[in-house]
Amino acid sequence: MLSLLRSSASKLRLRPAPISCKSDPHQTRRHLSSTATGLYGFQHLKSPKGFQRFVDDAIERSGELVEFISGMPSSAEIIKAMDEISNTVCCVVDSAELCRHTHPNREFVEEANKASMRINEYLHYLNTNHTLFDAVKKAEQESHLLTKEAQRAAHYLRVDFERGGIHLPAEKLDRVNELNVKISQLCREFSENIIIDPGAVDIFPASRMPQSLHHLLKPIYRSRSITVRGSSGHSGAMKEKGFCIPTDPHTLSSVLQCASDNEVRKLTYIKGNSVPYANLGVLDNLIATRHELAQIMGYRSYAEFTVKPNMSSSPEVVMCFLKELSKMVRPTADEEFNKIKAFKRDKCGQTDGDLEPWDEAYYTAKMKSSAYDFDSSVIASYFSLPQCIDGLKVLVESLFGATFHSMPMEPDESWHPDVLKMSLHHPEEGDLGYLYLDLYSRNDKYPGCAHFAIKGGRSVSETEYQLPAVALVCNFSSSRNSSAVRLNHWELETLFHEFGHALHSLLSRTEYQHFSGTRVVFDLAETPSNLFEYYAWDYRVLKMFAKHYSTGEIIPEKLVDSMQGARKMFAATDLQRQVFYAAVDQTLFGEQPSPPTSSIVEDLKREYTGWKHVEGTNWQARFIHLLNYGAGYYSYLYAKCFAATIWQKLCQEDPLSLTTGTALRTRFLQHGGAKEPDDLLNGLVGDGILRDCNGGYVPDITYLCNEIKFLGKS
């Protein structure tokens with residue numbers, strides 16, 4: 001099954017049933033460099049048609065391993081062979097996923113789509129193979145003969161097989177397989193519709209759009225009749241310039257924040273939250289299909305099916321957590337809402353007037369800049385993209401004693417001239433993994449920011465380790481001169497968020513790729529990424545790389561203080577929005593809600609926020625996390641709580657020290673999913689980071705409350 005790891009915008013991860021492809025990459029002798037000549041370092045991928053051979057060879061090699069396992073070798077050999085099958089198949093799955101979302105060559109994308117469908121069909125065969133299931137059960141029964149990680153692998157492989165329906169009667173199992181294929185197709189259709197139909201609004205005249213947004217817009221012209229003065233009745237025509245505003249998420253966000261024209265904001269908000277309309281039907285179909293799957297598997301809902309293996313363990317625990325957060329945040333969020341409303345009335349000279357959803361970004365930005373006397377263009381002048389990449393290098397060197405080195409790519413390894421490749425190198429351990437950076441926006445590219453796996457780390461032999469390889473994909477505005485590309489702070493925060501995922505992959509040193517890096521339970525996966533967002537706000541970190549693009553001046557501490565103050569101004573509103581998103585996700589995949597989904601979203605928005613729902617909008621039609629984190633979006637809020645605790649208890653005092661980094665690496669990051677998540681969290685910062693709740697775990701919210709200063713208000 002597919003899963004997209006975002007950033008605030010996204011994250012692509014893959015996790016088919018027992019043979020589990022959650023997303024990441026890796027090797028111990030250096031399995032990904034010397035002979036690599038094709039796309040992502042895979043020799044087969046020198047041309048689009050290479051995907052066909054890539055799939056063929058993966059199926060052939062997996063077949064050999066299935067045959068080996070059928071002979072019932074030792075338990076250790078069974079688990080090792082199962083992991084090699086998983087690695088072989090996941091390399092194809094992950095490569096196809098990255099290619100489908102980023103490659104500019106349509107033929108490559110089409111072949112990646114075909115490969116994705118073929119390999120997913122093969123996964124269904126593997127996941128319903130009784131020979132493999134019996135071998136895994138044998139290994140689990142003989143777990144005393146295995147290492148602790150192998151014991152864990154045997155257990156979770158068996159659980160994953162059962163979650164794939166292998167224990168069901170043949171007729172039901174066939175239906176499960178059909179439903180899984182259909183779910184993959186619906187997810188693909190949903191994400192492709194977002195790219196195909198971003199929506200657009202035409203605005204005339206051009207003067208209605210601020211200069212700062214012109215680079216995001218397409219100039220358009222229309223003929224306009226005019227009457228010439230002094231020539232009775234004489235008329236003519238002139239061309240009037242306007243702009244076509246694409247309502248993709250990035251442009252929509254910029255327009256809502258910067259456009260002073262209320263009507264412009266309204267039109268773009270409505271269009272951007274109404275497309276792609278085709279996804280409403282896709283989503284209804286996806287909800288119904290997942291619900292049927294869950295019921296065949298013996299669960300009341302898809303939410304229950306999804307949540308069961310995670311720390312939360314049940315939708316009831318999740319909703320208890322969400323309602324606790326909602327109750328805590330509501331009074332302060334209501335105060336913030338009223339402040340925004342009063343500010344709008346003051347600026348518009350109105351004694352009355354509603355606050356509309358398209359007002360929020362614009363007026364909160366004005367309030368922040370007014371209260372703290374800065375503007376986003378000044379902040380961006382300190383964050384040229386090359387310097388921000390230097391910031392990533394500062395982090396790994398200070399925390400982990402490692403360095404990033406730029407690497408030349410082999411012929412056909414790259415998918416676009418803008419892509420960079422770096423190796424993460426440790427002076428004593430050698431190369432730790434490989435990172436591709438694809439940071440600029442372009443047509444037909446995945447529209448958000450995401451961490452994609454290419455290879456997961458695993459032990460190949462006693463002397464050889466498959467090093468992880470990952471891609472960090474963003475959509476920053478492009479320029480022929482990279483030094484001219486400057487990020488706003490939100491983009492820097494997003495870069496650091498995705499980098500947290502990448503480090504989880506690159507620093508992982510698990511024996512099995514099944515547990516490599518971000519291949520962990522849903523409600524732990526976002527913790528490293530949320531933790532590294534803190535580094536994007538700390539002056540001690542920023543002063544190491546944030547310098548003015550023309551003068552070289554280090555970013556002033558006073559400016560960073562203002563940024564931090566502005567960040568906290570509407571922290572309750574921001575947190576409330578995330579609680580609302582998580583509630584929508586849980587409800588849509590709960591005990592079969594009745595369509596239309598727009599009515600459900602409207603009711604939940606009224607319950608969880610003070611903001612209006614705009615009739616005719618369908619925000620959920622491009623909420624891509626419903627695909628990858630279906631019933632799992634709450635995990636972002638778990639991560640916010642965990643990250644707040646880890647930052648305050650471990651990192652805040654000295655965020656760049658090697659001691660801090662060593663603790664993060666050795667107690668948490670290097671273990672991937674090879675240890676129980678509660679053991680990892682408690683081992684990192686001690687007891688108190690989570691608590692029991694009705695048979696599951698929920699995060700302790702104390703540190704998040706302290707951070708946003710809610711405790712005294714709630």
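User: Why can we say that the end C-alpha atoms of helix 9 (residues 278-296) are as far apart as its residues should span?

Analyst: This is a predicted model, in which residues are numbered from 1 along each chain as its sequence is written, local features need pLDDT of at least 70, side-chain atom pairs count only at pLDDT 80 or more, and totals for chains, interfaces and linings use all residues. Side-chain values use heavy atoms, with hydrogens and water left out. Helices (H or I, at least four residues) and strands (E, at least two) are DSSP runs, numbered from the N terminus, and the expected span of a helix is 1.5 Å times one less than its number of residues. The 19 residues of helix 9 should therefore span 27 Å, and since the end C-alpha atoms are 28 Å apart, the two values agree. Just beyond helix 9 comes G298, which has a positive phi near 95°.

User: Which residues of helix 9 are buried, and what covers them?

Analyst: A residue is called buried when its relative accessible area is under 20%, exposed when it is over 50%, and partly exposed in between (1.4 Å probe, protein chains only). In helix 9 the buried residues include L280, V282, L283, L286 and I287, and also R290 and H291. Contact means heavy atoms within 4.5 Å, and the cover over the buried residues of helix 9 includes helix 6 (170-196), helix 10 (302-307), helix 20 (571-588), helix 21 (597-608) and helix 22 (625-628).

User: Why is I220 called buried or partly exposed, and why is I195 called one or the other?

Analyst: I220, which has its place in strand 5 (residues 218-227), has a relative accessible area of 16%, so I220 is buried. Leaving aside neighbours within four places in sequence, I220 is in contact with D202, F204, E240, K241, G242, F243 and C244. I195 belongs to helix 6, and because its relative accessible area is 26%, I195 is partly exposed. Apart from neighbours within four places in sequence, I195 is in contact with D444, K445 and P447; the C-alpha atoms of I195 and P447 lie 7.2 Å apart, although 252 residues separate the two in sequence.

User: What makes a set of residues a nonpolar core, and which members touch the most others in the largest one?

Analyst: A nonpolar core is a set of buried Ala, Val, Leu, Ile, Met, Phe, Trp, Tyr and Cys residues joined through side-chain atoms within 4.5 Å. The largest such core holds 196 residues, of which F383, L435, F499, Y535, I555 and I646 touch the most other members. Helix 2 (residues 75-102) supplies the largest share of this core, 12 residues. Another core, of 12 residues, lies apart from it and has A206, L216, I245 and V264 among its members.

User: Why is helix 23 (residues 635-651) described as parallel, antiparallel, perpendicular or oblique to helix 24 (residues 658-667)?

Analyst: Axes are lines fitted to C-alpha atoms, for helices over the stretch in contact, and angles run from 0 to 180 degrees between N-to-C directions. The axes of helix 23 and helix 24 come within 11 Å and cross at roughly 135°. Helix 23 is therefore oblique to helix 24, given that angles under 35 degrees count as roughly parallel, over 145 as roughly antiparallel, 65 to 115 as roughly perpendicular and the rest as oblique. Where they meet, I646, L650 and C651 belong to helix 23, while T660, A663 and L664 belong to helix 24.

User: Why do strand 7 (403-406) and strand 10 (450-455) count as edges of their sheet?

Analyst: Two strands pair if DSSP finds at least two bridges between them. The open sheet of five strands has the order 7-8-9-13-10, with mixed pairing. Strand 7 and strand 10 each have a single partner strand, so one side of each is left without a neighbour in the sheet. Strand 7 pairs with strand 8 (residues 420-426) in the antiparallel sense over four bridges, and F404 has L424 of strand 8 as its bridge partner. Helix 2 packs on this sheet, touching strand 9 (430-440), strand 10 and strand 13 (469-476), and its direction makes about 140° with that of strand 10.

User: How many bridges join strand 14 (residues 690-693) to strand 15 (residues 696-699)?

Analyst: Four bridges join these antiparallel strands, and the partner of R691 in strand 15 is V698. Two residues lie between the strands of this hairpin, in which N694 takes a positive phi near 50°.
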